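Open the model in your viewer and keep the selection box ready. Each stop on this tour says what to select and what is there.

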Amino acid sequence: MSTKQKSPSKASLKENLCSAIDRHADAIVGIGEQIMAQPELGFKEHATAKRVTDTMRAFGLEPETGLALTGVKARLRSGRPGPTVVLIGELDALVVADHPMAAPTTGAAHACGHNAQIAGLLGAMMGLVDAETIDHLAGDVVFFAVPAEEYVEIEYRLGLLKSGKVGLLSGKGELIRLGYFDDVDIALMIHTHSDKERKEASIRASSNGFVAKLVRFEGVAAHAGAAPHSGVNALNAAHLAIAAINAQRETFRDEDAVRVHPIITKGGDQVNVVPAEVTMETYVRGKTPEAIRDAAAKVDRALKAGALAVGATVEIQTIPGYLPLINNPGLGNLFEANCTTLFGKDTSTRTGHQAGSTDMGDLSHLLPALHPSMAGASGSGHSVDWHIADPAMGYIAPAKSLAMMAIDLLYGNAAAAREVIQAHPPAMSKDAYLEYQAAALKTETFSENNLVACPIK
């Protein structure tokens, strides 16, 4: 008589997994709240990374640390051949200085829910390890806490770039460049939302990518009252450039979802001196790389026009941002099915394109990826009132959802994962991605001296 033990069903694996996560619920919530209380900005998330590292080691994993400065990556091996699914959480906060839990020295605050992402990531890890789920899967599960998703402190990151400490300014982009996603096949992560109309869970079809621009107008200082005619007003150049950008808006196609939102970061030095230096920043967002390139060219023309009109010089530094996000439909179906299991029928929504941006978009061009959202937060994202109002929904439910999708994909001989991979040819190779990002990084200086006179015929 055979004594071979029958493999448990997928449903029983998920049930045992969720029970294991529930046993660690207090620890998972505690991690989310501790990170909320100690926010750190991108590429500086040392305390958060240490918390992730210590937790992974406590569960018997051997994480790699210091990846793209602060990233932490650990692998749970099944010992059976199959694809690798990576579960992702983001380490960084953003600057919301008035947030009640903002760091007093940096203004950093978790006003977007990345603390919940890390709690969910580590909760999924706890459940999969504790329930010994990996013994019944084919392939590996990677847990990856990644840095610097929020595109803030651009000048600081440019300093890292110039010193050779990073090669790209976003966390996932830099990790792609360094090869830390070369050994994974499918990527999953979950954000948190506070929109009741999006129910317990929501999947958007796609979202915008962008490039960033740092702009400096250089004029000539003069006494603003006695001799303004002797100066060249860089603020007027910036004002005209913004007006010219606005005049371009009717040329942006609706289907391209273009967004351009400049701010002036320096408007002059003294009120009685003609402004000789004015600086601006803007993103140029769009639904496709082609739409971003088209809109960026129009923005550059507008900036040059503002400088030319008053005789100023403009320096335009273009910096690669993120590619548009493409959510994989097959992964979305698995996510929705698990939400039905967790919350009941009609608890998830599908939405169209969203005009915000995430560097998960970069990864989604290279392999099948999913970046949905789940409820649990309150307040407006990136604002002073954002917080996790429902810990069970904000911290525990994402842990279960991530781990349950890993089971779906790798159960048996990982047929579901193989099917997703087979049906999803990458939009870009890694080499093409790096070439795209390199081509986007450029600096151009323009003045009336750059003009080439055309002969009259």
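## Stop 1: the largest pocket

The largest pocket has a volume of about 750 Å³. This is a predicted model.

Select Cys112, His191, Arg204, Gln354 and His382 next. Of the 33 residues that line the largest pocket, these five are the closest to its centre.

Now colour the strands. β8 (191–192), β9, β12 (277–286) and β15 (348–357) each give the lining of the largest pocket at least two residues. Which of them supplies the largest share of that lining? The answer is β15, with 5 residues.

Colour the lining by class as well. The largest pocket is lined by 16 polar, 10 nonpolar and 7 charged residues.

## Stop 2: aromatic rings

Turn to the aromatic side chains. The count comes to 6 aromatic pairs.

Select Phe144 and Phe181. Their rings form a tilted pair, 5.1 Å centre to centre, with 40° between the planes. Phe144 sits in strand β6 (residues 140–146). Phe181 sits in the loop between α6 (171–178) and β7 (186–188). The pair links distant parts of the chain, 37 residues apart. Are these two residues buried or exposed? Phe144 is buried, and Phe181 is buried too.

Select Tyr151 and Phe210 next. This aromatic pair is edge-to-face, with 5.0 Å between centres and 90° between planes. Tyr151 lies in the loop between β6 and α5 (154–162), and Phe210 lies in strand β9 (residues 201–218), so the pair ties together parts 59 residues apart in sequence. Tyr151 and Phe210 are both buried.

Add Tyr283 and Tyr322 to the selection. Together with Tyr151 and Phe210 they form one aromatic cluster.

## Stop 3: charges over rings

Keep Phe210 on screen and add Arg285. Arg285 lies over the face of Phe210, at 5.8 Å from the ring centre.

Then select Lys44 and Tyr156. Here Lys44 lies over the face of the Tyr156 ring, 4.2 Å from its centre.

## Stop 4: salt bridges

Side chains of opposite charge can pair when their charged atoms come close. How many salt bridges does the structure hold? The structure holds 25 salt bridges.

Select Asp130 and Arg23. They form a salt bridge, and their closest N and O atoms are 3.2 Å apart. Asp130 is in helix α4 (residues 114–130), while Arg23 is in helix α1 (residues 10–23). The two are 107 residues apart, so this pair links distant parts of the chain. Asp130 counts as partly exposed because its relative accessibility is 31%. Arg23, at 54% relative accessibility, counts as exposed.

Move to Asp140 and Arg77. Their side chains meet in a salt bridge of 3.8 Å, N to O. Asp140 belongs to strand β6 and Arg77 to strand β2 (residues 71–77), 63 residues apart. Why does Asp140 count as buried? Its relative accessibility is 12%, and buried means under 20%. Arg77 is exposed, with a relative accessible area of 59%.

Widen the selection with Lys73, Arg75 and Asp183. These three are linked with Arg77 and Asp140 in a network of salt bridges.

Now select Glu444 and Lys304. This salt bridge has its closest N and O atoms 2.7 Å apart. Glu444 lies in strand β20 (residues 442–446) and Lys304 in helix α8 (residues 289–310), so the pair ties together parts 140 residues apart in sequence. Glu444 is partly exposed, with a relative accessible area of 32%.

## Stop 5: two distances to draw

Select Asn450, in the segment after β20. Asn450 is partly exposed, with a relative accessible area of 41%. Draw a line from its C-alpha atom to that of Thr313. The two residues are 137 residues apart along the chain, and their C-alpha atoms are separated by 9.8 Å.

Finish at Ala399, in helix α11 (residues 391–410). Ala399 counts as buried because its relative accessibility is 0%. Draw the last line to Arg157. Ala399 and Arg157 are 242 residues apart in sequence and 31 Å apart in space, C-alpha to C-alpha.

Technical notes. Residues numbered from 1 in each chain as written. Predicted model: local features only at pLDDT ≥ 70, side-chain atom pairs only at ≥ 80, totals over all residues. Heavy atoms only, no water. Phe/Tyr/Trp six-rings, centres within 6.5 Å; stacked < 30°, edge-to-face > 60°. Helix = DSSP H or I, 4+ residues; strand = E, 2+ residues; numbered from the N terminus. Buried < 20%, exposed > 50% of the residue type's maximum accessible area, 1.4 Å probe, protein only. Lys NZ or Arg CZ within 6 Å of the ring centre and 35° of its normal. 1 Å grid on protein atoms, 1.4 Å probe; cavity = no way out; pocket = protein on both sides within 12 Å on 5 of 7 lines; lining within 4 Å. Points joined across faces, edges and corners; volume = space filled by probe spheres on them. Nonpolar A, V, L, I, M, F, W, Y, C, P; charged D, E, K, R; others polar. Salt bridge = Lys/Arg side-chain N within 4 Å of Asp/Glu carboxyl O.
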